[in-house]
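Visitor: I am new here and would like a friendly tour. Could you take my questions one at a time?

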Amino acid sequence: MLAYTTSKGKQHPLGASVTTAGVNFSLFSRAANSVELLLFEKHDSVEPLQIITLDPSENRTFFFWHIFVEGLKPGMHYAYRVDGPQDPDQGLRFNPRKVLLDPYGNGATDDLFVRADACGDKGNLATSMRNVVIDLDAYDWEGDQPLNRPMNETIIYEMHTGGFTRSPSAKVKNPGTYQAIIEKIPYLKSFGITAVELLPVMHFDETTPLRTNDDGTELTNYWGYSTINFFAPHPGYCVSPQEGCHINEFRDMVKALHKAGIEVILDVVFNHTDEGNHQGPTLNFKGIDNLTYYDLNPEQKRFYMDYTGCGNTFDCNMPVVEKLVVESLEFWVKEMHVDGFRFDEASVLSRDMNGQPMEYPPVLWQIELSEVLADTKVIAEAWDAAGLYQVGHFPGYRWADWNGRYRDDMRCFVRGDAGLVGAVANRLSGSADLYQGSGRKPVNSINFINCHDGFTLNDLVSYNQKHNLANGEGNNDGNNDNMSWNCGVEGPCDDDAIKALRLQQMKNFATLLMISRGVPMFLAGDEICRTQQGNNNAYCQNNALNWFDWQLTEQNQAMLRFFRQLIQFRKSHPTLYANAFFDNEVNSRGLADVSWHGVELNQPGWDDPNARALSYTLAGRGEEADLHIMLNMYWESERFELPQVTGRKWYLALNTANPSPDDFYEEKQRPEVREGRFDVSGRSIAILVSK
């Protein structure tokens, strides 16, 4: 084959840009003195089809290296080699033997990849990853756009893209892929969630074993919290990554979810990359411009600052890195129609080059104020591994937080801890104590009981201790304090009373989540009682321990029904999801927007150190129903006094102490409550509706 001819090219945009005449390549490197572009005919071609050396006098504008390859078509595979000073003590890690990925590449393949060869000084041409040229315009969106559902109407379902369909029980054509999720949309739609929050889907390495257990089980990076490329869908979730179908397969999934009314939120990891510490592999950033992309130890630049617990810290407030982060997010919104982002260890993004938190961190405010991202949901995990905790005061105004205080208070309350009714009232009310003083709203609080990182809901009521031996770290990984309660026996048991109590406790948690102001999020599989056998850090388990078991949708239909009914109940009562804090507004029936009680009316027991019961009345607006909610986390029954509502009667909608189907009554079958008191069983919740 004849060599491709080239011309000067342009410095913007970065990456590989397809035109009718060929492809423009652009790469930023401040300290490089030479750049080679390697073209490969196929994804598994060991030798390049052509090596193009960029001329610094012709193909460099300031620190942007660029070239136009005439006649090049989508589907060609490529990579770079970059040379420059090799002085790790000064933070310079150039190595002309290392094959590097394009930081702005839209797809990559890892069929040849050997991670060990990317470490050290030796070359890795035959065992490197390669990018693929992709035409972003070659797709029919059929009029699709991000859905822009109001945040207060959002119900988030956190799920793993691969694990949702990898089990043989999923019975899908291509297990563990974007395409397989499309086959499961009827299930997602059936119980009313409005958004899926996908664990990382940007390119990461799940091919390399982290370790091998004694039984031969290989443990890999299953969760995906170590990004390689911020503009490329993960090839492991594609059916045909070798053909450069990354972008369009992901788009097919988004388009199908949008047609079902379901938004797509991505869990993104900008705080660190997969290149690890000074002993880690050289994949892209480290070999292209280590000094620019990473926060290095100022005393010993050979080493990386590690505020993330993952070996390095991406220097997101360095202007070039800030540009990459913002342009990545805008890419996923403009080109992939994503509806929102959840930022892993987001507090790292508020730190300056010296590791100090900034009041106005540039990258976070650029995200906040970007016109492209103006309608995009942005959610922060508002803490980091170095101890920074910013829940309630994360920089910016429209950022929502994963509300760790909500999780902890609700877990302790349901476990039976005393003296928490005041804290619980705050959490039910949208955490006004955390957000109201700064002008924020209930939608700034992402309420959750559990997530991928920790116990499943079933395990939260089945285990007092973590059981992580399967992770191969001697049970030393994972959180030791889970604020859980096993209901009397550790792990699986045959005691019917304990099994019934565990189901009741799961229903208690789910109910609290769905009646709280703020934005509810729950973990995929909680609605069918999925277990990880007490493993609270299953980051490395690409197996049945983590996979969604579709047989449970049949085995645990009662819990699935409860979740469906509960979600519909939330949607039917605007007072539960109103984006405002309570302000004593009185409705036409003389009820304040909220009235707090204990077992007795108007005696909530805020200062009672032994209180385990709380009740409250929510006033509906106009003809909307009023709600009276009774929470009894004491282990014995309590007889709650009921308020009277002029011209209306109370009807029982929910009672977590009842077995299915009487735990949730259909609207037309709700029994009237005729007495002035109502017995709420120990460790249960009851909700009355007025009409």
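Visitor: Let me start with Gly309: is Gly309 buried or exposed?
Guide: Happy to help, and please keep in mind that this is a predicted model. The relative accessibility of Gly309 is 59%. A residue counts as exposed over 50%, so Gly309 is exposed.

Visitor: Where is Gly309 placed, and by what distance are the C-alpha atoms of Gly309 and Gly276 separated?
Guide: Gly309 sits in the loop between α5 and α6. Along the chain, Gly309 and Gly276 are 33 residues apart. In space, the separation of their C-alpha atoms is 9.9 Å.

Visitor: At what angle do helix α5 and helix α6 pack?
Guide: Helix α5 covers residues 285-293, and helix α6 covers residues 319-334. Their axes are 9 Å apart, and the packing angle is about 120°.

Visitor: Which residues make that contact, and how many of them are nonpolar?
Guide: From α5 come Phe285, Thr292 and Tyr293, while α6 brings Val320, Val321 and Leu324. Sorted by class, the contact of α5 with α6 has no charged residues and one polar residue; the nonpolar ones number five.

Visitor: Which strands close into a barrel, and in what order?
Guide: The barrel has eight strands, and their pairing is parallel. Between neighbouring strands of this sheet, the turn is 25° on average, direction ignored. The order is β13-β14-β19-β20-β21-β22-β23-β24.

Visitor: Which residue in β21 stands opposite Gly340?
Guide: Strand β20 takes in residues 340-343 and strand β21 residues 377-380. The two run parallel and are joined by four bridges. Opposite Gly340, in β21, stands Lys377.

Visitor: Which helix lies across β14 and β19, and at what angle does it run to β19?
Guide: Strand β14 spans 195-198, and β19 spans 263-268. The helix lying across them is α4, made of residues 246-259. Its angle to β19 is about 135°.

Visitor: In the pairing of β2 with β3, what is the bridge partner of Ser17?
Guide: Strand β2 (residues 15-18) pairs with strand β3 (residues 22-28) in the antiparallel sense, over four bridges. Together β2 and β3 form a hairpin, with three residues between them. The partner of Ser17 in β3 is Asn24.

Visitor: Is Ser431 buried or exposed, and why?
Guide: Ser431 is in the loop between α9 (421-428) and α10 (432-435). Residues under 20% relative accessible area count as buried. Because the relative accessibility of Ser431 is 0%, Ser431 is buried.

Visitor: Which side chain has a polar contact with the side chain of Ser431?
Guide: Leaving out neighbours within four places in sequence, Ser431 is in contact with Asn403, Asn426, Ser445 and Phe581. The polar contact joining the side chains is 3.0 Å, and the partner of Ser431 there is Asn403.

Visitor: What is the exposure class of Ala657, and why?
Guide: Ala657 belongs to the loop between β29 (650-655) and β30 (672-673). Its relative accessibility is 23%. That value falls between the 20% and 50% cut-offs, so Ala657 counts as partly exposed.

Visitor: What separates the C-alpha atoms of Ala657 and Gln504?
Guide: Not counting residues up to four places away in sequence, Ala657 touches Gln504, Ser681 and Ser684. Ala657 and Gln504 are 153 residues apart along the chain. Their C-alpha atoms are separated by 6.1 Å.

Visitor: Finally, how far apart are the C-alpha centres of domain 1 and domain 3?
Guide: The domain assignment gives domain 1 as 6-133 and domain 3 as 594-690. Domain 2 is given as 155-200 + 244-453 + 506-576. The C-alpha centres of domain 1 and domain 3 are apart by 64 Å.

Technical notes: Residues numbered from 1 in each chain as written. Predicted model: local features only at pLDDT ≥ 70, side-chain atom pairs only at ≥ 80, totals over all residues. Heavy atoms only, no water. Domains from an automatic or database assignment. Buried < 20%, exposed > 50% of the residue type's maximum accessible area, 1.4 Å probe, protein only. Polar contact = N/O pair within 3.5 Å; in protein donor to acceptor, adjacent residues only side chain to side chain. Contact = heavy atoms within 4.5 Å. Pairing = 2+ DSSP bridges. Axes fitted to C-alpha atoms, helices over the stretch in contact; angles between N-to-C directions. Nonpolar A, V, L, I, M, F, W, Y, C, P; charged D, E, K, R; others polar.
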